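Below are my notes on the structure, set out as numbered points. Please read them with the coordinates open.

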There are 2 protein chains.
Amino acid sequence: MKIIDGNIASPLGFSADGLHAGFKKRKKDFGWIVSEVPASVAGVYTTNKVIAAPLIVTRESVTKAQKMQALVVNSGVANSCTGLQGMEDAYTMQKWTATKLKIAPELVGVASTGVIGDLMPMDTLQKGLSKLVVNGNSDDFAQAILTTDTKVKTVAVTEQFGRDEVTMAGVAKGSGMIHPNMATMLAFITCDAVISSETLQLALSQNVETTFNQITVDGDTSTNDMVLVLSNGCTLNQEILPNTPEFDKFSAMLHFVMQELAKKIAKDGEGATKLIEVEVINAPNSLDARMMAKSVVGSSLVKTAIFGEDPNWGRILAAVGYAGVNVPVDNIDIYLADIPVMLASSPVGFDEEDMQDVMQADAITIVVDLHAGDSVGRAWGCDLSYDYVKINALYRT
Amino acid sequence: MKIIDGNIASPLGFSADGLHAGFKKRKKDFGWIVSEVPASVAGVYTTNKVIAAPLIVTRESVTKAQKMQALVVNSGVANSCTGLQGMEDAYTMQKWTATKLKIAPELVGVASTGVIGDLMPMDTLQKGLSKLVVNGNSDDFAQAILTTDTKVKTVAVTEQFGRDEVTMAGVAKGSGMIHPNMATMLAFITCDAVISSETLQLALSQNVETTFNQITVDGDTSTNDMVLVLSNGCTLNQEILPNTPEFDKFSAMLHFVMQELAKKIAKDGEGATKLIEVEVINAPNSLDARMMAKSVVGSSLVKTAIFGEDPNWGRILAAVGYAGVNVPVDNIDIYLADIPVMLASSPVGFDEEDMQDVMQADAITIVVDLHAGDSVGRAWGCDLSYDYVKINALYRT
């Protein structure tokens, strides 16, 4: 596998673009991805009981058509908690796009992110759609889907499958409300491999637990989260089938793309100054390890301590303790940026100056060794800063 | 029931005091409650897997002796995550107190709150204990148990049981790490009723779910939480027995004291500027209602919005949706400080100026009407402010 300097339109047969339509004041707020041919599609959606209209429409179309050819996304207005009008608007968004592209409506995915509860300004949408042209600047797509994100989040890789080179690319938006099981997160992944929607769903589902579902920014789960993977078969390689070495290779490729996007989302959490990576090792099983890692990375007290560059490892052990995992807690080692701070569940002294040095890094790794098995779990998050409060206290107004 | 201007030593036969021993730099940090005679005792303890040494010692003694006569508490050092030495120190704390008071060690409860991971400074403890005298200023006890709390938290009530007047009083400390199922919270309740330890435990257990377990400050659950109720029988009234009108009266009294302490803890959460009360009504059952209320009051996005005086009700609905409760979410009404903001799960317009006025209050009530039954659940919390971050980024150093 090779990391390339590409974007969401790097896989064969895809194009993407973004522009300012007017959902937001000045920034780009409307984008699209289009495939030359209908692509196989797989998706995972928010676990929130309250599901935004565009997700309902997209999920329904994916189930019905089992293919997707185009995807339109706006940022600024989430079209969530908008009742029947919101549903109608999401269907209209799908229909207008289909008409513009001269394809069937159910081949169009729609996604919205931004303020909850406001109705979609349909004239703004129409204005955006009127400028939709296939073949554009896909870096603008990465910009157009952002809300309070400070950076675009993209990754692209290639891998050899026999004589064919398959390209896969991902783009995401994250920021606030990132937590278990899909939060206000949108991630779109394109690929040019030949793979059925069913096999694609298998690969997506088996990788989501260890990647996107292991990041947390503030514990809130949004109504609009969605990950969609499109693979259009344009490389004309052999079809990738389950239970083959090719599937494993494809799955590893997808895992890498998803994990990179997940880490980029965590690092760019609202107000974040540092990426936090927690690795729980020697656990009885990987589910327990992941739950514990996520408990630590999600602790407000750990997050504020890391923001303050304070090696308050007691809070780490406390978060291990309330993870809801039945593991003995009397023989735990904790390492903060490779410096042991607790061995066999007892504090160990460390050089305060060395610690101050490593705590200044913009990525902090916490390792928790349970000495209770051989499984590993990882989770990613960010520190909790003044800016998180500032951004979220004043978001709506 | 009558609220009186009393304190933890108001029930007959109790005394309490507090002083500065040196666990903290300047503030009072060591206190005790002593009963003239061994009292019936009931307790609930943290659900964190990592349990601090003083809790292990106290719980063990309560189980063994089924009585308690004295309680010593220090603030500044939590004696948590301190390994075998921590256990030894907690036993020593119990033994030294017993020797000083000339009672059996298992009649002494010990509690510690403050920084996790540091060993107890035993010379400081000895210094504090050397000044322990029965009959002191019980307002100083309320001071001595605080950490980052800004206010003492006390409540006292009386109730007639036949010709006898029973007095009950409570004192608590709260602040950070307040969350489900006992967080860094200490609450001590004294009473002079005649009641067995078993019946007292029954009354405590049936009220803890709707009071202390319904407050949240930051989602972290501490290693040191404990609620202890002591009732010494000094009124010489009839014994209160289960399944009697007297028991119901006693339980209502205890519920009131616990709820008042819980609300005071929520209101004084670290960095809090506002108390948030969430009431979920017309729910299918009270457990679901409580889970939902707690999900809303614990949402970082709701908390920051309230801090910003922003009526961002979409975040409230989102938190209802991820509460993990299986309730239809298509016919929900939401009221923010009595102003309807959502009816039948659709936004309703409101007067922005009226809303700005009510959002300035220092207590904000959120009502969520599910139209799905007749049960009610309440939860209390506080907003998330810059000061929360400040306090917790710099706590240890």
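**Notes on the predicted model**

1. A loop residue of chain B. B:Asp374 sits in the loop of chain B that runs between β15 (363-369) and β16 (375-382). The model is a predicted one, and what follows should be read as such. With a relative accessible area of 67%, B:Asp374 is exposed, since the cut-off for that class is over 50%. Setting aside residues up to four places away in sequence, B:Asp374 touches B:Asn282 and B:Ala283. The C-alpha atom of B:Asp374 is also 6.4 Å from that of B:Pro284, although the two positions lie 90 residues apart along the chain.

2. Confidence in chain A. The mean pLDDT of chain A is 89, and 95% of its residues are at 70 or more. Residues 178-183 of chain A have pLDDT below 50, yet this stretch makes 40 contacts in the model beyond near neighbours in sequence. Where pLDDT is low, predicted coordinates should not be read in detail. I would ask that any description of residues 178-183 of chain A state that the pLDDT there is below 50.

3. A strand residue of chain A. A:Ser15 belongs to strand β2 (residues 14-19) of chain A. Is A:Ser15 buried or exposed? A:Ser15 is buried, because its relative accessible area is 6% and the class takes values under 20%. Apart from neighbours within four places in sequence, the contacts of A:Ser15 are A:Ala9, A:Trp32, A:Ile33, A:Val34, A:Val134 and A:Asn135.

4. The interface. Chain B and chain A each bring residues to the contact: 51 residues from chain B and 51 residues from chain A. About 4,300 Å² is buried between chain B and chain A, and carbon and sulfur atoms give 61% of that area. How many salt bridges are counted between chain B and chain A? The count is zero. Two residue pairs are in polar contact between chain B and chain A, both at pLDDT 80 or more. On the side of chain B that touches chain A, the elements giving two or more residues are α8 (300-307), α9 (313-321), β14 (346-347) and α11 (386-393) of chain B. By class, that side of chain B has 23 nonpolar, 20 polar and eight charged residues.

5. Salt bridge between helix α6 and strand β11, chain A. Over all chains the structure holds 14 salt bridges. One of them joins the side chains of A:Lys263 and A:Glu277, at 3.8 Å from N to O. This pair links distant parts of the chain, with A:Lys263 in helix α6 (residues 245-267) of chain A and A:Glu277 in strand β11 (residues 275-283) of chain A, 14 residues apart. A:Lys263 counts as partly exposed, at 24% relative accessibility, whereas A:Glu277 counts as buried, at 17%.

6. Other salt bridges of chain A. A:Lys267 forms a salt bridge with A:Asp362, and their closest N and O atoms are 3.9 Å apart. Here too distant parts of the chain are linked: A:Lys267 is in helix α6 of chain A, and A:Asp362 is in the loop between α10 (352-359) and β15 (363-369) of chain A, 95 residues apart. A:Lys267 is partly exposed at 37% relative accessibility, and A:Asp362 is partly exposed at 46%. In addition, a network of salt bridges links A:Asp149, A:Lys153 and A:Asp268.

7. Salt bridge between helix α6 and strand β11, chain B. The side chains of B:Glu277 and B:Lys263 meet in a salt bridge of 3.8 Å, N to O. B:Glu277 is in strand β11 (residues 275-283) of chain B and B:Lys263 in helix α6 (residues 245-267) of chain B, so the pair ties together parts 14 residues apart in sequence. B:Glu277 is buried, with a relative accessible area of 17%, while B:Lys263 is partly exposed, with 24%.

8. Backbone angles to check. Which sign does phi of B:Asn243 have? It is positive, about 60°, although B:Asn243 is not a glycine. B:Asn243 lies in the loop between β10 (226-231) and α6 of chain B and is exposed, with a relative accessible area of 80%. B:Glu309, also not a glycine, has a positive phi near 55°. B:Glu309 is placed in the loop between α8 and α9 of chain B and is partly exposed, with a relative accessible area of 23%.

Technical notes:
Residues numbered from 1 in each chain as written. Chains lettered and ligands numbered in written order. Heavy atoms only, no water. Helix = DSSP H or I, 4+ residues; strand = E, 2+ residues; numbered from the N terminus. Buried < 20%, exposed > 50% of the residue type's maximum accessible area, 1.4 Å probe, protein only. Contact = heavy atoms within 4.5 Å. pLDDT = per-residue confidence, 0-100. Buried area = accessible area lost by both parts, 1.4 Å probe. Salt bridge = Lys/Arg side-chain N within 4 Å of Asp/Glu carboxyl O. Polar contact = N/O pair within 3.5 Å; in protein donor to acceptor, adjacent residues only side chain to side chain. Nonpolar A, V, L, I, M, F, W, Y, C, P; charged D, E, K, R; others polar.
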